[in-house]
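Hi everyone, thanks for coming. Today I'd like to walk you through a protein chain, one piece at a time. Have a look at the picture first, and then we'll start.

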Amino acid sequence: AAARDVYTGRAVTPPGQGADAGARCTAHGALGPMGVTPARLKCTWPDMVNPPVSGPAGGSRSQVMTGNAIRVACENMLEGLKQPDGSYLDYDEAVAQGKPVRYDGTFSVPGVPLDEKGQGKPFMVYMYGTCMSEVTVEISTGKVTVDKITMMADIGKVNNKLVTDGQLWGGVTQAIGLALSEDFEDIQKHASLIGGGFPFIKDVPDNIELHYFEHPREYGPFGAAGVGELPLVVPQQSIINAIYRATGARVTRIPATPARVLEALNK
């Protein structure tokens, strides 16, 4: 409450995608009427003891599912601490009046669970986008260099631009590796980051343009959608298409290694 920091417990799996910032910004938006500043919002890391299970982070669902649960918890706190004059009790006042100082929130997708045939509608919030890649192909060697990538992203209402920028930049970098170098079929050869074709900084263009198109989602917290899969699944297709447009060679199996590009050129 007002006299103390607000702790946001969350059970989302955080593999480095900025889920903590998403949680904090969602709580900040929900607690706007109380005037809580972002600096006073603290996240407790998942420890499998205190926060309830929130399910997997797959399908970019963390911001939607955990974000909505945080939103509901914050709304419950506002309702529980609101005074008749529209102000809010601080921590000491809440304790003095016997008011709870912990508030929980839950959220369930208003969709259709998957049946035994895998049919249903378990996700209600999606992201949309497209990507344009510019490449240089060395005809003699088949070596492909990505010169520029332009990403158009509709991820609903942007929760935190710096974090979503990082998501898109990181996803594009991963996609370059998927498109051109990453291979894990030979466990002996590909068991390390370098052996597996992990992209180096020299493989990533300095010129990555990001464009946001904000269309708030009905079931997203404050209109937000996820952002994880978009930059990971779109750019590699764009890169392969760019190779084709540049040379007429269609690579049908990724990664588009120099050998595979040369094979496609020879066809």
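I'll begin with the whole chain, then turn to two helices, and finish with some single residues.

One thing to keep in mind is that this is a predicted model. The chain has 7 helices and 5 strands. If you follow it along the sequence, the order is β-α-β-α-α-β-β-α-β-α-α-α. You might like to trace that pattern on the screen with your finger.

How much of the chain is buried? Of its 267 residues, 39% are buried. As for the outside, the chain exposes about 15000 Å², and 55% of that comes from carbon and sulfur atoms. Now think about which parts of the sequence meet in the fold. Taking the contacts between residues at least 6 apart in sequence, 70% join residues that are at least 24 apart.

Let's move to helix α2, which covers residues 62-81. From its first C-alpha to its last, this 20-residue helix reaches 28 Å, close to the 28 Å expected at 1.5 Å a residue. Is α2 largely enclosed or largely open? Well, 17 of its 20 residues are buried, so the rest of the structure largely encloses this helix.

Next comes helix α6, residues 235-247. This one has 13 residues and spans 18 Å between its end C-alphas, close to the expected 18 Å. Its buried residues are Pro235, Gln236, Ser238, Ile239, Ile240, Ala242 and Ile243. What covers them? The cover includes the strands β3 (128-137) and β4 (144-154), together with the helices α4 (161-180) and α5 (230-233).

Since α4 has come up, let's stop at Asp165, which sits in that helix. With a relative accessible area of 8%, Asp165 falls under the 20% cut-off, and therefore it is buried. Setting aside neighbours within four places in sequence, Asp165 is in contact with Leu210 and Tyr212.

Now for some backbone details. Here is a handy rule: most residues other than glycine have a negative phi, and most peptide bonds are trans. With that in mind, look at Phe222, in the loop between β5 (208-212) and α5. Its phi is near 55 degrees, a positive value in a residue that is not glycine. Phe222 counts as partly exposed, at 42% relative accessibility.

Just after α6 there is Gly248, with a positive phi of about 85 degrees. Further on, in the loop between α6 and α7 (258-266), you'll find Pro255. The peptide bond leading from Ile254 to Pro255 is cis, with omega near 5 degrees.

On to side chains. Arg250 lies over the face of Tyr244, at 4.3 Å from the ring centre. If you were hoping for aromatic pairs, the structure holds 0 of them.

Last, the cysteines. How many disulfides does a search of the whole structure find? The number is 0. Let's look at two cysteines anyway. Cys25 has 24% relative accessibility and counts as partly exposed, whereas Cys131, at 9%, counts as buried.

If you remember two things, take these: helix α2 is largely enclosed by the rest of the structure, and the Ile254 to Pro255 peptide bond is cis. Thanks for listening!

Notes. Residues numbered from 1 in each chain as written. Predicted model: local features only at pLDDT ≥ 70, side-chain atom pairs only at ≥ 80, totals over all residues. Heavy atoms only, no water. Disulfide = S-S within 2.5 Å. Buried < 20%, exposed > 50% of the residue type's maximum accessible area, 1.4 Å probe, protein only. Helix = DSSP H or I, 4+ residues; strand = E, 2+ residues; numbered from the N terminus. Contact = heavy atoms within 4.5 Å. Areas by Shrake-Rupley, 256 points an atom, 1.4 Å probe, with all protein chains shown as cover. Phe/Tyr/Trp six-rings, centres within 6.5 Å; stacked < 30°, edge-to-face > 60°. Lys NZ or Arg CZ within 6 Å of the ring centre and 35° of its normal. Expected span 1.5 Å × (residues − 1).
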